[in-house]
Structure formats: C-alpha cells, structure tokens
Amino acid sequence: GAIAALLLTDDLIQTRKNAGTFDALDSLMRQVDGQKAKVHILAGENEPGRKLNGLGGIAALLRYKAWS
C-alpha cells in the first residue's frame, strides 16, 4: 500500500508480452490498482517515456516520505 502511482511504458508492456512474461507485470498492475493507486502507462516515443525506458521502463511514486 505504499505506492501512490505506478509508471510504466508501453514499450515495457510490449516487451513483456513478446517474451511471455507479461503475467507478473499484469498481476503487479492489478495489485496496485486494487490498493487505490494510479497506474500510468507512458508512450515510449515521447520524452518522459524515453527517460523512463532508460530506468528500465517502470517506476513507482510512494505515498510516504522516504527515510533519510
């Protein structure tokens, strides 16, 4: 329940579907959605999508402040 928003790129989704490993990613998206968090899918062609692809195609924004 610590995730406020899950960010994914459409490139990551397509890569996972082609590799046959989409089920785990789909399960994660459903779990996050079920916890009242947002799931955002970004186009890999635009600048934010390209930057997120550079980080592996997936990131999460947390609800709580991280410990410092």
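A residue counts as exposed when its relative accessible area is over 50%. Arg30, at 59%, is therefore exposed. The legends below describe close-up views of a predicted model.

**View 1. Asp26 and Arg30 form a salt bridge in helix α2.** Their closest N and O atoms are 3.0 Å apart. The two residues are 4 positions apart in α2, so about one helical turn separates them. Arg30 is exposed, with a relative accessible area of 59%. Side chains of opposite charge can pair when their charged atoms come close. A search of the whole structure finds 2 salt bridges. The pair of Asp26 and Arg30 is one of them.

**View 2. Arg50 and Glu47 form a salt bridge in helix α3.** The closest N and O atoms of this pair are 2.8 Å apart. Arg50 and Glu47 are 3 residues apart in α3, so about one helical turn lies between them. Both ends of the bridge have some exposure. Arg50 is partly exposed, at 45% relative accessible area. Glu47 is partly exposed too, at 40%.

**View 3. Arg50 and its surroundings in α3.** Helix α3 spans residues 47-54, and Arg50 sits within this span. Leaving out residues up to four places away in sequence, Arg50 touches Gly44 and Glu45. Leu28 is 22 residues from Arg50 along the chain, and their C-alpha atoms are separated by 22 Å.

**View 4. The two ends of α3.** At the start of α3, a side-chain oxygen of Asn46 reaches to within 2.9 Å of the backbone nitrogen of Gly49. Beyond the helix comes Gly56. The phi of Gly56 is positive, near 105 degrees.

**View 5. The sheet is open and has 3 strands.** The strand order is β2-β1-β3, and the pairing is mixed. β2 (38-42) and β3 (58-62) stand at the edges. Each edge strand has a single partner, so one of its sides has no neighbour in the sheet. From one strand to the next, the twist averages 20 degrees. Strands of a sheet pair through backbone hydrogen bonds, either parallel or antiparallel.

**View 6. β1 and β3 run antiparallel.** The two strands are joined by 5 bridges. Ala5 has Leu61 in β3 as its bridge partner.

**View 7. Helices α2 and α3 against the sheet.** α2 lies across β1, β2 and β3. The helix runs at about 150 degrees to β1. α3 packs on the sheet as well, touching β1, β2 and β3. The direction of α3 makes about 95 degrees with that of β1.

**View 8. The largest nonpolar core has 9 residues.** Its members are Leu6, Leu8, Leu12, Ile13, Phe22, Leu25, Met29, Val32 and Ala37. β1 (3-9), α1 (10-19) and α2 (22-34) each supply at least two of these residues. The largest share, 4 residues, comes from α2. Leu25 is one of the core residues. Not counting residues up to four places away in sequence, Leu25 touches Leu8, Leu12, Ile13, Arg16 and Ile58.

**View 9. Thr9 is a buried residue of strand β1.** The relative accessible area of Thr9 is 0%, so Thr9 counts as buried. The side chain of Thr9 makes a polar contact with the side chain of Asn53, at 2.7 Å. Apart from its neighbours within four places in sequence, Thr9 is in contact with Ile41, Leu42, Gly49, Leu52, Asn53 and Gly57.

**View 10. Gly34 is an exposed residue of helix α2.** The relative accessible area of Gly34 is 53%, so Gly34 counts as exposed. Gly1 is 33 residues away along the chain. The C-alpha atoms of Gly34 and Gly1 are separated by 9.4 Å.

Definitions and conventions:
Residues numbered from 1 in each chain as written. Predicted model: local features only at pLDDT ≥ 70, side-chain atom pairs only at ≥ 80, totals over all residues. Heavy atoms only, no water. Contact = heavy atoms within 4.5 Å. Polar contact = N/O pair within 3.5 Å; in protein donor to acceptor, adjacent residues only side chain to side chain. Core = buried A, V, L, I, M, F, W, Y, C linked by side-chain atoms within 4.5 Å. Buried < 20%, exposed > 50% of the residue type's maximum accessible area, 1.4 Å probe, protein only. Salt bridge = Lys/Arg side-chain N within 4 Å of Asp/Glu carboxyl O. Pairing = 2+ DSSP bridges. Axes fitted to C-alpha atoms, helices over the stretch in contact; angles between N-to-C directions.
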